[in-house]
Amino acid sequence: MLPWLLPALLAILVAGSLVYCSLTIVAAVRYRAVRPPPLRAGEPISILKPLAGIDEGLEENLRTFFEQDYPEFEILFAVRLPGDPATAVVERLRARYPGVPSRLIVTGEPPYPNAKVYSLDRMLAAARHHLLVMSDSDIRVTPDMLAVIAAEFQDAKLGLATCPYRAVPGRSFWNTLEAVGLNTEFIGGVLVARMLDGMKFALGPTIAARRATLEGIGGFDAVKDFLAEDFVMGNLAAARGDGVILSSYVIEHHIGAQPLAANLRHRLRWNRSTRRSRPAGYVGQLFTNPLPLALLLWAVKPEWWPLAAAAILLRAAAGWATAGYVLRDRLTARLFFLVPLQDLLSFAMWLAGFFGNTILWRGRKYYLRADGRFDLVP
């Protein structure tokens, strides 16, 4: 290889990362500039909650949905089997909040790979209202969440809204690192995509949608074979011409506590799934993490240190723009010194994501197809 080729290539990649970090800062400012209109008359809402076992903080997470300051809503829960431990938690909360209409549905074994989608499908069939909020079990919200969502859906053209999230870890160093990454890196990619191309995808933890939009994309049958059903759901809604937005309401995503091995498996599953769902976007993630590129450039060409230093400083500014300005995350503000370590681990897992087409999910092994669908491996 020509001696100048590697430094030149690294310099181009670092320069691309500088552009990306600058875009992240601008995208964060533009996102914060959009606020929902005042709520005039919100329509009734059905909350759909798929459950599977006991997550850390499950009862507190679910309690925040019972305590919504909103005139008319119901909560539907779904478990696979009657003996699921989450059932006892749901029954305690239903007894504590008898004024909130709620139901528990036992779905049985799902007939297709994505068990979460099957639970949502069963709850949709039982839901009474036309505005739906689909939210995972590890989400925690404030009492005004439904009011903010309803205010956004006063726009008749809006079909689907997806909520950005502030990651909150359990007592695990590795999940703390992951939370720092989600709050400083992942959300940046979402904001930049929103600014450059509009919202043509959704984020899984919490999605709000009109029943007509779900029916228009073919219902949950259209996404039942995809691992990243959230991305596909938003993509199909946008392709149909329904409005898709990144909601102004930021949820809390409690990601739990895992030892190193479990956390690495989780990260690898996420990366392989992303690579299969949107291959071009996955390659483009190279620019979202400038620190490893800057360090490589510094090592190969020490005299070009100003470019590397600029990338590191701009990465810090972009991280603050997302975690501090957009998400108001106090954890990242306190542990900002962990960002370099998280960036290096994230870069290593991104490289690992290029290899292998199988994942482990809830104790089962699946094969990821090239189009993002997945199959259970016997």
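# A tour of the second largest pocket, two sheet regions and two buried helix residues

The residues lining the second largest pocket comprise ten nonpolar, four polar and five charged. The model on screen is predicted, and this pocket is the opening stop.

**Stop 1: the second largest pocket.** The space in this pocket amounts to about 280 Å³. Select Val34, Glu152, Leu158, Ile245 and Leu246: of the 19 lining residues, these are the closest to the centre of the second largest pocket. Then colour α5 (145–152) and β9 (243–246), the elements that each give two or more residues to the lining. Which element supplies the largest share of the lining? Strand β9 does, with four residues.

**Stop 2: the sheet β5-β10-β7.** Next select the three strands of an open sheet, whose order is β5-β10-β7 and whose pairing is mixed. The edge strands, each paired on one side only, are β5 (139–140) and β7 (165–169). Strand β10 covers residues 251–256; five of its six residues are buried, leaving the strand mostly covered.

Look at the β7 side before the β5 side. Strands β7 and β10 run parallel and are joined by five bridges. Show tyrosine 165, which stands opposite isoleucine 251 of β10, and then alanine 167, which stands opposite histidine 253 of β10.

Now turn to β5, which pairs with β10 in the antiparallel sense over two bridges. Which residue of β10 is the bridge partner of isoleucine 139? The partner is histidine 253, the residue that also stands opposite alanine 167. With histidine 253 selected, both neighbouring strands can be followed from one position: isoleucine 139 belongs to the β5 pairing, and alanine 167 to the β7 side.

**Stop 3: helix α6.** Keep the sheet displayed and add residues 173–197, which form helix α6. This helix lies across β7 and β10, and runs at about 165 degrees to β7.

**Stop 4: threonine 322.** Select helix α12 (residues 305–326), where threonine 322 is located. Is threonine 322 buried or exposed? Its relative accessible area is 0%, so threonine 322 is buried. Leaving out residues up to four places away in sequence, threonine 322 touches Thr24, Asn183, Thr184, Ile187, Gly188, Leu191 and Leu327. For a distance to check in the viewer, pick the C-alpha atoms of threonine 322 and leucine 191: they are separated by 8.7 Å, although the two residues are 131 residues apart along the chain.

**Stop 5: asparagine 271.** Go to helix α9 (residues 260–277), which holds asparagine 271. Asparagine 271 counts as buried because its relative accessibility is 11%, and the cut-off for buried is under 20%. Its contacts, again not counting residues up to four places away in sequence, are Tyr282, Gln285, Met349, Trp350 and Gly353.

**Stop 6: strand β1.** Finish with residues 45–50, strand β1. Six of the six residues of β1 are buried, so the strand is largely enclosed by the rest of the structure. Both of its faces are covered, with Ile45, Ile47 and Lys49 buried on one side and Ser46, Leu48 and Pro50 buried on the other.

Add strand β2 (residues 73–79) to see the pairing: β1 and β2 run parallel, with six bridges joining them. Lysine 49, one of the buried residues of β1, stands opposite phenylalanine 77 in β2.

Key:
Residues numbered from 1 in each chain as written. Predicted model: local features only at pLDDT ≥ 70, side-chain atom pairs only at ≥ 80, totals over all residues. Heavy atoms only, no water. Pairing = 2+ DSSP bridges. Contact = heavy atoms within 4.5 Å. Axes fitted to C-alpha atoms, helices over the stretch in contact; angles between N-to-C directions. 1 Å grid on protein atoms, 1.4 Å probe; cavity = no way out; pocket = protein on both sides within 12 Å on 5 of 7 lines; lining within 4 Å. Points joined across faces, edges and corners; volume = space filled by probe spheres on them. Nonpolar A, V, L, I, M, F, W, Y, C, P; charged D, E, K, R; others polar. Buried < 20%, exposed > 50% of the residue type's maximum accessible area, 1.4 Å probe, protein only.
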